[in-house]
Amino acid sequence: MQLERIHHAAIICADYAVSRHFYTKVLGLRVVAENHRAARDSYKLDLALPDGSQIELFSFPGAPARLTRPEAQGLRHLSFEVHDVQAAADELAAQGIAVEPLRTDEYTGRRFTFFADPDGLPLELYEAAPAEELDALLLKLEDALHLREVRANAAQLKELLDDGFHELGVSGEIWTRPAIIEALRGETFSQRTMTDFRVLRMAPDVALVTYRAHREAIPERPAADSLRSSLWRRRHGRWRMAFHQGTPLSR
């Protein structure tokens, strides 16, 4: 079994109207579906985050209160990633939401803080990795795919290419992950360099990379330039290339 990601977290609230307002108006989550189950006198509200994960908000008559202090065993809190923790905390405070002083994660150096929903459920705001950190990481990973020792090593390629990877090559040929790994095994190598490297973050776990590539001339083929684009996706905490395309440039 391979777990892909957290699909949703379920929350039972005491006052449905109050919690509905909190999660949709204060936190700004998008409503996917809302249903009232008359037989159970219960509401079920499906809320979506930008990355596709969801929160299910339930109301059940007579549900016991959750123990929040002291901290008990089991699920501890929910954490939401934001690009600017201070700005997000200020926005909550302006709406009358009590927010703890910002702290810094001793292991990552990123800032975080806690607040609570209407039922006292601890919620965390955690700072996303700075854009320059992601740019440097993806530059390193993209550049690795141009190295002779990586291109000839199937194990290293599998670490860098997503399971569903495919490429639209400069020749117009479509390459799958197994096909490109096999083709690179017997490749006649030529040096490659990148310029105009840019990263556009499409979602928390998806980034688009674009650049201009130059391939040095070798006896077997002339030099060539191309425009390149790669789609990188983070799964299980690791960035891997999911798609690549090359467009030839006339010299």
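Biologist: Which elements each supply at least two residues of the lining of the second largest pocket?

Modeller: Happy to help, and please keep in mind that this is a predicted model. About 700 Å³ of space lies in that second largest pocket, and 32 residues line it, with Arg 151, Glu 167, Ile 180, Arg 192 and Arg 228 nearest its centre. The elements you want are strand S9 (161-168), helix H6 (177-185), strand S12 (206-215), S13 and strand S14 (238-249).

Biologist: How do the residues of that lining divide into nonpolar, polar and charged?

Modeller: Let's stay with the 32 residues that line the second largest pocket. They divide into 15 nonpolar, 7 polar and 10 charged.

Biologist: Thanks! Which element gives the most to the lining of the largest pocket?

Modeller: This pocket holds about 1400 Å³ of space. Its lining has 39 residues, and Leu 49, Asp 51, Ser 53, Ser 79 and Glu 81 are the closest to its centre. Elements that give two or more residues include strand S1 (8-13), helix H2 (85-94) and strand S5 (78-82). With 5 residues, the one that gives the most is S5.

Biologist: Now for the rings: how many aromatic pairs does the structure hold, and why is the pair of Phe 22 and Tyr 23 edge-to-face?

Modeller: The structure holds 7 aromatic pairs. The ring centres of Phe 22 and Tyr 23 are 5.0 Å apart, and their planes stand at 85°, so this pair is edge-to-face.

Biologist: Are Phe 22 and Tyr 23 buried or exposed, and which residues form one aromatic cluster with them?

Modeller: Both Phe 22 and Tyr 23 are buried. The cluster consists of Phe 22, Tyr 23 and Phe 115.

Note on methods
Residues are numbered from 1 along each chain as its sequence is written. This is a predicted model: local features need pLDDT of at least 70, side-chain atom pairs count only at pLDDT 80 or more; totals for chains, interfaces and linings use all residues. Side-chain values use heavy atoms; hydrogens and water are left out. Rings of Phe, Tyr and Trp (its six-membered ring) pair if their centres lie within 6.5 Å; planes under 30 degrees apart count as stacked, over 60 as edge-to-face and the rest as tilted. Buried means under 20% relative accessible area, exposed over 50%, partly exposed in between (1.4 Å probe, protein chains only). On a 1 Å grid over the protein atoms alone, a cavity is a set of points where a 1.4 Å probe fits but cannot get out, and a pocket is an open set with protein on both sides within 12 Å along at least five of seven lines; lining residues have an atom within 4 Å of a point. Grid points are joined across faces, edges and corners, and a volume is the space filled by probe spheres set on the points. Helices (H or I, at least four residues) and strands (E, at least two) are DSSP runs, numbered from the N terminus. Ala, Val, Leu, Ile, Met, Phe, Trp, Tyr, Cys and Pro count as nonpolar, Asp, Glu, Lys and Arg as charged, and the others, Gly among them, as polar.
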